[in-house]
Amino acid sequence: MSLKTIAAKIFAHRIAKRTEKWVSNPIETQEKVFKELISKGSTTKFGKDHKLSKIQSHNDYIAQVPIRDYEELKEYVSLAVNGEENILWPGKPLYFAKTSGTTSGAKFIPITEGSIKEQVKASRNAILNYIHETGNADFVSGKMIFLQGSPVLQEKNGVKLGRLSGISAHYVPNYLQKNRMPSWETNCIEDWETKVNAIVEETKNEDMTVIAGIPSWVQMYFEKLKENTGEYVGDLFKNFELFIYGGVNYEPYRKKFETLIGRKVASIELFPASEGFFAYQNSQKENGMLLLLDAGIFYEFVKSDEFFSEHPKRITLKDVEIGVDYVMIITTNAGLWAYNLGDTIRFISTYPFKIVVSGRIKHFISAFGEHVIAKEVEEAMLVATSATDASVSEFTVAPQITPQENELPFHEWFIEFEKEPSNMAFFIQELDLALQKQNSYYYDLIVGKVLQTLKVTPVNSGGFLEYMKSIGKLGGQNKVQRLSNDRKVVDGLSKFKKQNG
């Protein structure tokens, strides 16, 4: 056992004890975070505009600070981007994480010294928690790769800006620097395909033990590794033990990953975003992620089926229920106040508070009142592939409101198959029935003959990658939108569909 392995186990034990303190006192922990945020923010422009200094309770906060998304907070963000101080948080942000919003164009999310420290701490603690739970720490002596955006940062009015993953690359601790892959020069390559090819060359002869990234982009890396070496990833990297991922649901990719790797490996799910690091998987034996309550973020929740009502009810952690889909509203030490992150979550436990991500409040299909969310289509796909011999690389779903004459409207699934089902009709039947079982609105629309059974449009091999490339979103933190309420995504994919599909 190496010194690094021994040190990792000792550190993991210490962090586990610290974590247990706030896990055991969740409501008090959140109340403390709330008071600290209100106190810090009261001296800012936003704080003065919203009289934060007079806020004594959560009810006061609801009365003074409405829920906002990026567009509604943009007037304050723009002042900070223009170089003004004390706008959303004392001083200037340390960074702006530049993201490509689906509705807002480029978004500039402020990151402060405090918020980036919490991001780094959460990433570290997720791995240390795994070590503490499993006792496995030998992987810390091997090579680790984090597939991420370029760490090259720009500057705007004295504040550095870039992708969150690129910003995070500057915070790899010294004790991991020698283990980190790829090289800094390769990490700075902007073109994703060129970058992945370079990463393959740098890593194929190394002892890779940990691999991390968004599943769709790690899959591309694995495919190129196998193409380059002719070996399964698990044979090439005999000590590959841990896959760390976030950003999308891993389940639709799991079967494909296990085929590429040639064996099963342990995995840790993370819930990071430019706006904050919210949760990580804290058990290899149980589903869900531990909601981080001491990380400079105060959480509010609104039931997703009430969110678009005139006065949606905002609740705190003490009032949440298991099994209900909530829109997660965050107030953070980066100066985001009652901010609608856009994600929907579901609690699977309240001691400790553990969640799963169930979808996006802005990414759904309700063209006919069905309220279908990402979690439902992903679970339906798992049911259909398990019931057939099909294997799927990627997919997205959209409504078809104007079908051919004498046809009912339907949901259209654009699917890139790794292996097409030998019986497509049975596959479609299983897919549709699985969605009906999960979503009573969709079931009623099918039974009531408002909608017909879904249709599948096969996409060429590599079609989704080509589509992402065509819209300038290949690689990095970009991911395919799983479903949408219009046909913008599938119209872009149409040029890559199979001609006989």
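**View 1. Residues 291–351 bring their end C-alpha atoms to 11 Å from each other, with 46% strand and 0% helix.** The strands and helices here are DSSP runs numbered from the N terminus, with at least two residues for a strand (E) and at least four for a helix (H or I). According to UniProt, in an unreviewed entry, residues 291–351 carry the annotation "domain: GH3 middle"; such annotations may be inferred rather than shown by experiment. Keep in mind that this is a predicted model, where local features need pLDDT of at least 70 and side-chain atom pairs count only at pLDDT 80 or more, while totals for chains, interfaces and linings use all residues. Residues are numbered from 1 along each chain as its sequence is written, and side-chain values use heavy atoms, leaving out hydrogens and water.

**View 2. Tyr 245 and Tyr 250 make a tilted aromatic pair.** Searching the whole structure turns up 24 aromatic pairs. In this one, the ring centres are 4.8 Å apart and the planes differ by 40 degrees. For the bookkeeping, rings of Phe, Tyr and Trp (its six-membered ring) pair if their centres lie within 6.5 Å; planes under 30 degrees apart are stacked, over 60 edge-to-face, and the rest tilted. Tyr 245 is buried at 5% relative accessibility, and Tyr 250 is buried at 4% (buried means under 20% relative accessible area, exposed over 50%, partly exposed in between, with a 1.4 Å probe and protein chains only).

**View 3. Phe 301 meets Phe 347 edge-to-face.** Their planes sit at 75 degrees and their centres 5.2 Å apart, so the pair gets that label. Phe 301 belongs to strand E12 (residues 297–303) and Phe 347 to strand E14 (residues 339–350), so to speak linking distant parts of the chain, 46 residues apart. Both Phe 301 and Phe 347 are buried.

**View 4. Two cis peptide bonds lead into prolines, Pro 182 and Pro 352.** Met 181 is joined to Pro 182 with omega at about -5 degrees, in the loop between strand E6 (180–181) and helix H9 (184–187). For Tyr 351 to Pro 352, omega is near 0 degrees, and Pro 352 lies in the loop between E14 and strand E15 (353–360).

**View 5. Ala 338 has a positive phi without being a glycine.** Its phi is about 45 degrees. Ala 338 sits in the loop between strand E13 (325–332) and E14, and is buried with a relative accessible area of 0%.
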